[in-house]
Amino acid sequence: MAIHSRRHNKVFEMSKDTQALLQIIKGSVLYGHPPLLDDVDFDVKVKQRVCIVGRNGSGKSTLMKVLAGIVNLDAGRLIKDSGVKVSLLPQDPPQRTDISIFDYVIEGLSEHSDLLKSYQYQTQLVAENPSSKNLTALQTLQEKLEDNDAWSIEQTMQQLLTQFNLSADAKLSSLSGGWRRKAALARAMVQIPDILLLDEPTNHLDIDTVKWLETTLKNLTISIVFISHDRAFIRNLATSIVDIDRGKLTEYACDYKNYLLRKAHDLAVEEEHNRAFDKKLSQEETWIRQGIKARRTRNEGRVRALKALRNEFKQRRSAQGVVDIKDNVSDKSGKQVFKIKNLSYSIAGKSIINAFSLLIMRGDKVGLIGPNGSGKSTFLKLLLGELQATTGTIKSGTQLDIVYFDQHRQQLPLDSTVMDAVADGKQEVVINGKPRHVMSYLQDYLFSPERIRVPVSALSGGEKNRLLLAKLLIKPNNLLIMDEPTNDLDVETLELLESLLVDYTGTVLVASHDREFLDNTVTTCLSFENNGMIRQFVGGYSDVESWYIAQGKAGSSAKQTTVTQKVTKKREGRVNTKLSFNEERELKALPGIIEKLELQVDDIQNEVNKDGFFEQSREHTEKILAKLSQTEIALEQAYDQWQALEEKANKFKSQDF
């Protein structure tokens, strides 16, 4: 969707992309000591896509809130022209869920939101009851919209809902986490901002939705500042990187790959400088302590220089260490870890897993991928025995020592301190048969002595994930089952977790939406297709994606192929239907009609998603959108008719037998 602000076209039509829309000059934010942001400079330029990176707790979200005007600087200046609009997608999900999507999204506007809500509500009343009273009220609201020049806002609203495939009347409470994230993004974009701020936009999104988000954001003609730990997302979107490290900001005007190289070089230079500095300081400290002989020849200038060296050393903020994740592997399990035969699981008549068989052997590293709600977490709970299969069997191997990482982190007692959550009130933990003090062990996971004594509820999402890893990996294990372990982890910790899984000698099953993480850790993937079908692939996520792309190039998407095959199989398996001649002929024709309509919907949707579609005339875009709506309705009607005829045929078939 091509979002741009007409109001600012005149301002920027002669400007260069290097012009700053927003600036922080000598800015500091003090949350205790040392400062979270320390005398930093930052600016957002026209059409820039900036990714802010840094360790958990380094100040990324705080910087974002400063840019949004939510947090004030303790020192320095924030400069923003009054005409520049800034909009924030927060990291946390919406607090209210009892309102419609339309009302939630339109609240992103600072003005006219109440008027547009009333218009939407009155439109629904007229549709239900077109009385003269309701029509008069609707006309009055239309006149108010014209008087306030709010029709363009209403059009933008409808375009956003169409593009995001959101139903205006649906309740926010009816949406999954991923769909609520879409609604929150629409809310952030509805005011047509000049700068869009996104704090962890890929949280709770499945891979297909993350890829959709990448494409959508690339097509925007505005500036974007975002925080993310999804490396594939950063590589595909960012045009520059801003690194927060020990309160300081460094901008790298390059892509993510080159940022990693330059950052590594900068750290190496810093380390060499510190080594030379420490050597000089040591020499000067030796000189000053030489006693009487030194006092006779002491150079007062040299003494002052030593004091300056001491002060500089005191002010130095050393780079934060890295997480030291150690596995605690127990004895080997049996060769067969899980033998799954004809496994099926249904909820309220809906098939989640359908007749799936698989043999998992010791040492296998299996990745689970698929849309939200497709059954990945359910599958893991079936393996763990927390759920019982509808049909089929799961045979567990021998000598299994299982560690289960739950994506909701329910194993963490929120009212306990960090130390007690890991050691259950004890002072020592046992790692690979050797005792260690719990404080020393937790420092491996970057918990300072002060942080060890705070309640778990006070930790950030990334800290909670690190704490859960620390808690779970105390237990000897030879089977790791991990459900979304990468959420909220910073990149450094994420890469160390990858190294642990690569070197791990036991068996691993991991569900994740992080494409690069899957490519780096697993050797087999199970793809959940949201219809009960699970496909097995050799390789990581990229291998799975290549297969589906090849299927799409062959003529239809995997989803279309599955639906068409399902229709055809059911039709071919039907005998003695007792349908009328016309019904028989219609039932035979419907699979072809459904496939044709599916392709038409895809073609129109691709046209809508093209760059610049919404920059065309309103008459043209509305015509295409209306065609899309009509085709989707026709497709739904074809499905309903096919299902009705199938049920009728099956009813007569059961009576015959």
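## Contacts and overall make-up

A contact here means heavy atoms within 4.5 Å. With that in hand, we can look at this predicted model: among contacts in the protein chain with a separation of 6 or more, 69% link residues 24 or more positions apart.

The protein chain contains 22 helices and 20 strands. Its length is 657 residues, and 46% of them count as buried. The accessible surface is about 33500 Å², and carbon and sulfur atoms hold 49% of that.

## Around Ser 118

Helix H4 spans residues 113–128, and Ser 118 is part of it. Is Ser 118 buried or exposed? Neither label fits: Ser 118 is partly exposed because its relative accessible area is 35%, while buried means under 20% and exposed over 50%. Ser 118 also makes a handy reference point for Leu 138, which is 20 residues away in sequence and 9.0 Å away in space, C-alpha to C-alpha.

## Helix H13 and what follows

Further along the chain comes H13, covering residues 376–384. Its buried residues are Lys 376, Thr 378, Phe 379, Leu 380, Leu 382 and Leu 383. After H13 comes Gly 385, with a positive phi near 85 degrees.

## Where to take care

The mean pLDDT of the protein chain is 78, with 79% of residues at 70 or more. Residues 1–16 have pLDDT below 50, yet the model gives this stretch 29 contacts beyond near neighbours in sequence. At residues 653–657 pLDDT also stays under 50, and the model has 5 contacts beyond four places in sequence for them. Where pLDDT is low, please do not read the predicted coordinates in detail.

Conventions: Residues numbered from 1 in each chain as written. Predicted model: local features only at pLDDT ≥ 70, side-chain atom pairs only at ≥ 80, totals over all residues. Heavy atoms only, no water. Helix = DSSP H or I, 4+ residues; strand = E, 2+ residues; numbered from the N terminus. Buried < 20%, exposed > 50% of the residue type's maximum accessible area, 1.4 Å probe, protein only. Areas by Shrake-Rupley, 256 points an atom, 1.4 Å probe, with all protein chains shown as cover. pLDDT = per-residue confidence, 0-100.
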